[in-house]
Amino acid sequence: MRDEQTIETIWDSIATLDADGRFVIANEAFCEMTGYRRDELLGEHVTLLVDESVNERAKELQAELLGNEQEYATIEFEIETADGKRVPVESQFGPYTFEDGSVGRTGALRDIADRRDRKRELLKYETIVETVNDGIYTVDADGRFTMVNDAYCDVTGYSREELLGSHVSLVVDDETADQAQELEAEIATGDVDRPMAEAEIKTADGDRVPAEATFSMLPGERRERIGVVRDITERKEHERALEESERRYRTLVDHFPNGAVGLFDEELTYTVAGGEMLGELGIDPDDVVGTSIYERYPDDLIEQVKPHFQAVFDGESATFEAEYHDRHLLAHTLPVRNPDDEIYAGMLMIQDITERTEYRKRLEESNERLEQFAYAASHDLQEPLRMITSYLQLIEQRYGDELDEDGEEFIEFAVDGAERMRTMIDGLLEYSRVESQGDPFESHDLNDVLADVREDLQMQIDESGAEIMADDLPRVDGDPSQLRQVFQNLLSNAIEYSGDQPPSVGISAERDGHEWIISIQDDGVGIDSEDQDRIFEVFQRLHSQDEHPGTGIGLSLCRRIVERHDGELWVESKPGDGTTFSFTLPAASNSDA
């Protein structure tokens, strides 16, 4: 009775079990914890509140206590209350001997829900500290490490054992340590809450790592400081690269030759501007920055350039010409991307091409006048040349019997010369009219062009025994009749200059971006390197008229036709090793690359 009165005065929950594990004593605190009345507990087995596994574990511990003559053991488990809730508890219990000599057990239970929550919360924070990428540490008032996480060990190169208890001077120099103490004093006075500083960490292998540190004081009187350290090596390298890029870019912008450069945002407002042309126009770059195209340009120019400015933010570039300040400008707009490949600005580059445009215009006018002159001169020469030929033939007809052998030969030479002159004039007329008399471009199959040319040259092919091998040729945009002239001239030359062996000619095509490279290759006599430029000049010939008849204008005409198609014509050859003529033509606009 006295024991029951005693346990009722204790705040902890206390209960006693008999040898069979049934309740014989339970104080009021135990009843309140479990939610059962005393009369509901007494005589009931302990498994009313706990799992059998807990009961078995308690019996094992009690056996160990009896064997080792120990007084008590401690165990944590959960009890199930009358309303079905589970409460975490800690029990300290020991053997209890009854008057009949049987041995039960008695113990005190304590609700540890708050302690478990605190432990769980602590574990959560420990997990966060150990899993973050930033280094975290704490130091005491003497500047010695009391805690470091794995990330801090990785940054410094030291193990946790090497750091704990060591002074911060192991990883930072004295100046940084003094700066930390000064900031600590400012925290104490309330001048600053969480200071941030940049410093270098001395690693275990002697390197120095740039780092950014944030720290604050832990509550309490121990004056511990907690800090977060981040390795900013990549950021520093990026900053240095950015500064160097900005310096080079600024130099380019400020000294951009014969033009100007500007960056603009999505509002089409300039954020950077510079270039020699601004100085020539008396425009201060600072006056451009912060203004939009709507403020700087007249309405007609805005209407022209605005679509190009806006398109850069869709990743598109553009090149166009515009008139501004009485100057003819060539402009390029293009997107500017950050390291993450995101478009954050547009760039405008302009160059003054006023002189170039005027020169091109004068050149075009000059070429047009030359073409008109060549056409007029050639056309006007036709009539007197026909008169000369006609009268020479008339002399031969009327006075042929009175002429001796030399006289007949002279007339023959004169007629032949007049005929060659007429052929050259016809060629000159054709050369002068490549631009003005050409047909509009259309998509055309070069296989059809080659078939027509082979038909025209069939007699020459048969007489020479030529073998012509051709790849499947593409469709191109061009003037079909002029392309036929190019193929006919080059193929005829390949057969003509084959040497003593039957000609073997190969025709191939290779795609190069938006154009085709067409090549005609022979195994003929070849051309000296010193003559390879001269063969494209008007009326230039490498062989005598008797050996290889012709006007010497064919290759010049071919090159002019190819240039009209925005292409190039060139030759590769070695004497005795054959010759390859190659030229480029634009791929048909509806063909796939």
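Rings of Phe, Tyr and Trp (its six-membered ring) pair if their centres lie within 6.5 Å; planes under 30 degrees apart count as stacked, over 60 as edge-to-face and the rest as tilted. By that rule, this chain has ten aromatic pairs.

A word on the model before the exercises. It is predicted, so local features need pLDDT of at least 70 and side-chain atom pairs count only at pLDDT 80 or more, while totals for chains, interfaces and linings use all residues. Residues are numbered from 1 along each chain as its sequence is written, and side-chain values use heavy atoms, with hydrogens and water left out.

**Exercise 1. Rings**

Task: Work out how the rings of Y137 and F145 are arranged.

Solution:
- Start with the geometry: the two ring centres are 5.9 Å apart and the planes sit at 80 degrees, so Y137 and F145 make an edge-to-face pair.
- Next, check burial (buried means under 20% relative accessible area, exposed over 50%, partly exposed in between, with a 1.4 Å probe and protein chains only). Y137 and F145 are both buried.
- Then look for a bigger group: F264, Y270, F309 and F313 are linked into a cluster by ring pairs.

**Exercise 2. Helix α4 and its faces**

Task: Find which residues of α4 are buried and what they pack against.

Solution:
- Locate the helix. Helices (H or I, at least four residues) and strands (E, at least two) are DSSP runs, numbered from the N terminus. Helix α4 covers residues 52-68, 17 residues in all.
- Check its span. The expected value is 1.5 Å times one less than the number of residues; α4 reaches 24 Å from first C-alpha to last, close to the 24 Å expected.
- List the buried residues: V54, N55, A58, L61, Q62 and L65. Seen down the axis of α4, these fall within an arc of 125 degrees, so they line one face of the helix. The arc is taken from the directions from the helix axis to the C-beta atoms.
- Turn to the other side of α4, where S53, G67 and N68 are exposed.
- Find the partners, using contact as heavy atoms within 4.5 Å. The buried residues of α4 pack against β3 (73-80), β4 (86-97) and β5 (103-111).
- Step just past the helix: E69 has a positive phi of about 55 degrees.

**Exercise 3. The sheet under α4**

Task: Put the five strands of the open sheet in order and place α4 on them.

Solution:
- Two strands pair if DSSP finds at least two bridges between them. The order comes out as β2-β1-β5-β4-β3, with antiparallel pairing.
- β2 (23-26) and β3 are the edge strands, each pairing on one side only.
- From one strand to the next, the twist averages 30 degrees. For such angles, axes are lines fitted to C-alpha atoms (for helices over the stretch in contact), and values run from 0 to 180 degrees between N-to-C directions.
- Zoom in on β3 and β4: eight bridges join these antiparallel strands, and E76 stands opposite E90 in β4.
- Now add the helix: α4 packs on the sheet, touching β3, β4 and β5, and its direction makes about 35 degrees with that of β4.

**Exercise 4. Two hairpins**

Task: Describe the β21/β22 and β14/β15 hairpins, turns included.

Solution:
- In a regular strand the side chains alternate between the two faces of the sheet. Strand β21 (residues 569-573) shows such alternation: L569, V571 and S573 point to one face and are buried, whereas W570 and E572 point to the other and are not.
- β21 runs antiparallel to β22 (residues 579-586), with five bridges joining them; S573 stands opposite T579 in β22.
- Five residues separate β21 from β22 in the hairpin, and G576 in the turn has a positive phi of about 85 degrees.
- For the second hairpin, β14 (residues 327-337) and β15 pair antiparallel over nine bridges, with T333 opposite L348 in β15. Here too five residues lie between the strands, and D341 in the turn has a positive phi of about 65 degrees.
- β15 (residues 343-352) also pairs with β11, antiparallel over six bridges, and L348 is the bridge partner of G262.

**Exercise 5. Two positive phi values in loops**

Task: Decide whether L268 and D566 are buried or exposed.

Solution:
- L268, not a glycine, has a positive phi of about 60 degrees and sits in the loop between β11 (259-264) and β12 (270-274). Its relative accessibility is 3%, so L268 counts as buried.
- D566 has a positive phi near 60 degrees and lies in the loop between α19 (554-564) and β21. At 71% relative accessibility, D566 counts as exposed.
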